[in-house]
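Good morning, and thank you for making time for this presentation. I would ask you to look at the structure first, and then to follow me through its aromatic pairs, its core and two of its helices.

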Amino acid sequence: MLDVLAVTAAIILLFLLVYLRTPIFIALGSSGLVGLLLLEGPRGIEQIPIAFVSQLESYALVAAPMYILMGEILAVGGLGRAIFRFAHAWLGRLPGGLGVTAVGSSTVFGALSGVSLSAVTVVGRMSVPEMLERGYRPSFATGAVVASGALAMLIPPSLMFILYSSVSGVSIGALFAGGIVPGLLLALIMGLFVVTMATLKPVLAPRADEGITWKQRLDAMVKVAPALILIIIVLGSIYTGIATATEAAAIGAIGAFLVVGIFDRALTWTNIKKILLHTTKISGSLLIIVGSAFVFTQMLVVVRAAEALTTFVGGLSIPSSLIVIILLIIVVALGCLIDAASLMLVITPILLPIFESLGYDPLWVGVILVVTLETAVITPPVGLNLYAMKSVVPQVDIGDIIRGALPYLAIEFGLVILMVFVPEIATWFPSLTAT
């Protein structure tokens with residue numbers, strides 16, 4: 001009984017601190033410490049420093065700063081604009097062409113940065129003002145960018161997969177492979193949604209007759225080719241076994257320096273300082289959240305929460321698919337309150353044993369959790385992509401931005417349901433790369 005009261009008090013404290021807008025690493029760390037103090041007294045707290053450091057020593061986490069560095073390097077060059085022009089040259093003549101271009105641009109940029117906020121900021125800054133100028137409805141224009149920016153969480157190299165790997169032990173390379181098919185499928189469905197809505201309701205996205213020549217398409221392809229080659233080198237080195245995911249991250253960072261330095265000539269001292277400063281800030285923020293989340297999950301380990309829940313779920317006489325869907329709906333609800341990275345670190349040790357007991361592959365679990373957690377960055381009040389978009393176009397009301405993102409929540413969760421019944425969407429491509 002004491003264990004239940006201690007964990008309940010810690011969880012209430014966590015949600016109270018989140019409600020008060022306390023930095024998430026403080027909320028997780030403080031609630032975990034209180035829970036351990038109530039459970040084991042001073043002896044429980046004595047374990048924390050060693051456990052905290054050992055968690056951050058995970059080899060898988062070394063890849064995170066490298067991929068962040070790669071994304072920051074590419075962001076200072078003209079790559080974002082080159083990707084947008086490339087996507088517009090090939091997709092711009094479709095109904096809602098600029099919206100489809102935004103989805104395509106976010107997909108490619110997500111494969112280079114792995115950070116959804118970067119995709120929303122870079123693509124949004126170029127596409128949304130132009131869409132508004134051409135008469136697009138603000139909610140329709142911003143929704144396409146906010147939602148497709150979240151694809152960076154799923155399309156490799158994904159920081160979310162690195163975090164999941166650090167907790168679960170599943171290969172980062174296998175997780176990257178598992179994210180490709182769902183990521184491209186989501187991008188396709190989002191693009192089709194934009195085209196369909198623009199066709200059915202032209203008032204949402206007035207169509208402009210633009211003559212795009214094949215020369216313009218080929219020129220756009222040439223300008224973006226170095227970045228696409230870099231993606232192939234990074235992912236190819238993983239799937240061919242030439243490099244681990246961590247080593248490929250270092251290859252990507254070096255390649256990004258060469259692309260931006262040689263082709264864009266943008267590696268000035270000012271930009272190098274900006275790159276290193278942003279990389280340090282993002283990496284530091286991410287890693288302190290990792291350590292703090294472990295403090296909280298350590299409390300759950302002490303009370304054997306995962307084992308208790310696994311036993312409880314195993315005793316339920318309902319289909320396993322229904323159990324999974326209920327648990328994922330709970331994850332969606334939690335995503336409205338806690339950011340995706342922190343939530344991934346907290347729920348993985350709890351849900352992974354449950355899903356495994358139901359017969360699901362840990363690789364599939366990682367992919368479906370990331371797809372589910374994509375909703376966390378586009379749902380208020382914590383949805384960071386919403387506020388990133390607001391900073392890009394301050395003249396657009398936050399209510400319009402939220403309304404524009406809502407249809408994409410249905411698309412995201414529709415894919416989640418499909419993956420529950422067709423797990424091969426996540427496991428098929430990794431099975432090919434493993435042979």
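Let me begin with a definition: a residue is called buried under 20% relative accessible area, exposed over 50%, and partly exposed in between. At 23% relative accessibility, Phe 429 therefore counts as partly exposed. Please keep in mind throughout that this is a predicted model.

I turn now to the aromatic residues. A pair of aromatic rings is described by the distance of the centres and the angle of the planes. Searching the whole structure gives nine aromatic pairs. In one of them, Tyr 67 and Phe 176, the ring centres are 5.9 Å apart and the planes stand at 70°, so the pair is edge-to-face. Which parts of the chain does this pair tie together? Tyr 67 belongs to helix α5 (residues 63-76) and Phe 176 to helix α11 (residues 172-200), so the pair links parts that are 109 residues apart in sequence. Tyr 67 and Phe 176 are both buried.

A second pair is formed by Trp 428 and Phe 429: their ring centres lie 6.2 Å apart with the planes at 50°, so this pair is tilted. The cut-off for edge-to-face is over 60 degrees. Trp 428, at 47% relative accessibility, counts as partly exposed, as does Phe 429 at 23%.

Tyr 67 and Phe 176 also join Phe 161 in one aromatic cluster. Elsewhere, the charged end of Arg 217 sits over the ring of Trp 90, at 5.7 Å from the ring centre.

Let me move to the nonpolar core. In soluble globular proteins, nonpolar side chains tend to be buried together. Here the largest nonpolar core has 151 residues, and those with the most contacts inside it are Tyr 67, Leu 74, Ile 162, Phe 176, Trp 364 and Met 419. Helix α17 gives the most to this core, with 12 residues. Leaving out residues up to four places away in sequence, Ile 162 touches Ala 60, Leu 61, Ala 63, Ala 64, Tyr 67, Ile 172 and Phe 176. Ile 162 thus touches both members of the edge-to-face pair, Tyr 67 and Phe 176.

Ile 162 brings us to helix α10. Is this helix enclosed or open? Eight of the 10 residues of α10 are buried, so the helix is largely enclosed by the rest of the structure. Among these buried residues are Phe 161 and Ile 162, the former a member of the aromatic cluster.

The surroundings of α10 along the chain also deserve attention. Most residues other than glycine have a negative phi, and most peptide bonds are trans. Pro 156 and Pro 157 are joined by a cis peptide bond, with omega of about 0°. Pro 157 lies in the loop between α9 (138-149) and α10. Ser 158 then caps the N-terminal end of α10, with a side-chain oxygen 3.2 Å from the backbone nitrogen of Met 160. Within the helix, Ser 166 is buried, at a relative accessible area of 14%, and its side chain reaches the backbone oxygen of Leu 163 at 2.6 Å. Just after α10, Gly 169 takes a positive phi of about 85°.

The second helix I wish to discuss is α18. For the 12 residues of α18 (residues 362-373), a rise of 1.5 Å a residue predicts a span of 16 Å; the end C-alpha atoms are 16 Å apart, which agrees. How many of its residues are buried? The count is 11 of the 12, so α18 is largely enclosed by the rest of the structure. Trp 364 is among the buried residues of α18. The cover over these buried residues includes α10 (159-168), α11, α16, α17 (340-357), α20 (398-421) and α21 (424-433). At the N-terminal end, Asp 361 caps α18 through a side-chain oxygen 2.8 Å from the backbone nitrogen of Leu 363.

Two single residues complete the presentation. Ser 321, in helix α16 (residues 320-335), is buried at a relative accessible area of 17%. Beyond its neighbours within four places in sequence, Ser 321 is in contact with Tyr 360, Val 420 and Phe 421. Ala 220, in helix α12 (residues 214-239), counts as buried at 9% relative accessibility. Apart from residues up to four places away in sequence, Ala 220 touches Arg 85, Phe 86 and Ala 89.

Technical notes
Residues numbered from 1 in each chain as written. Predicted model: local features only at pLDDT ≥ 70, side-chain atom pairs only at ≥ 80, totals over all residues. Heavy atoms only, no water. Phe/Tyr/Trp six-rings, centres within 6.5 Å; stacked < 30°, edge-to-face > 60°. Helix = DSSP H or I, 4+ residues; strand = E, 2+ residues; numbered from the N terminus. Buried < 20%, exposed > 50% of the residue type's maximum accessible area, 1.4 Å probe, protein only. Lys NZ or Arg CZ within 6 Å of the ring centre and 35° of its normal. Contact = heavy atoms within 4.5 Å. Expected span 1.5 Å × (residues − 1). Polar contact = N/O pair within 3.5 Å; in protein donor to acceptor, adjacent residues only side chain to side chain. Core = buried A, V, L, I, M, F, W, Y, C linked by side-chain atoms within 4.5 Å.
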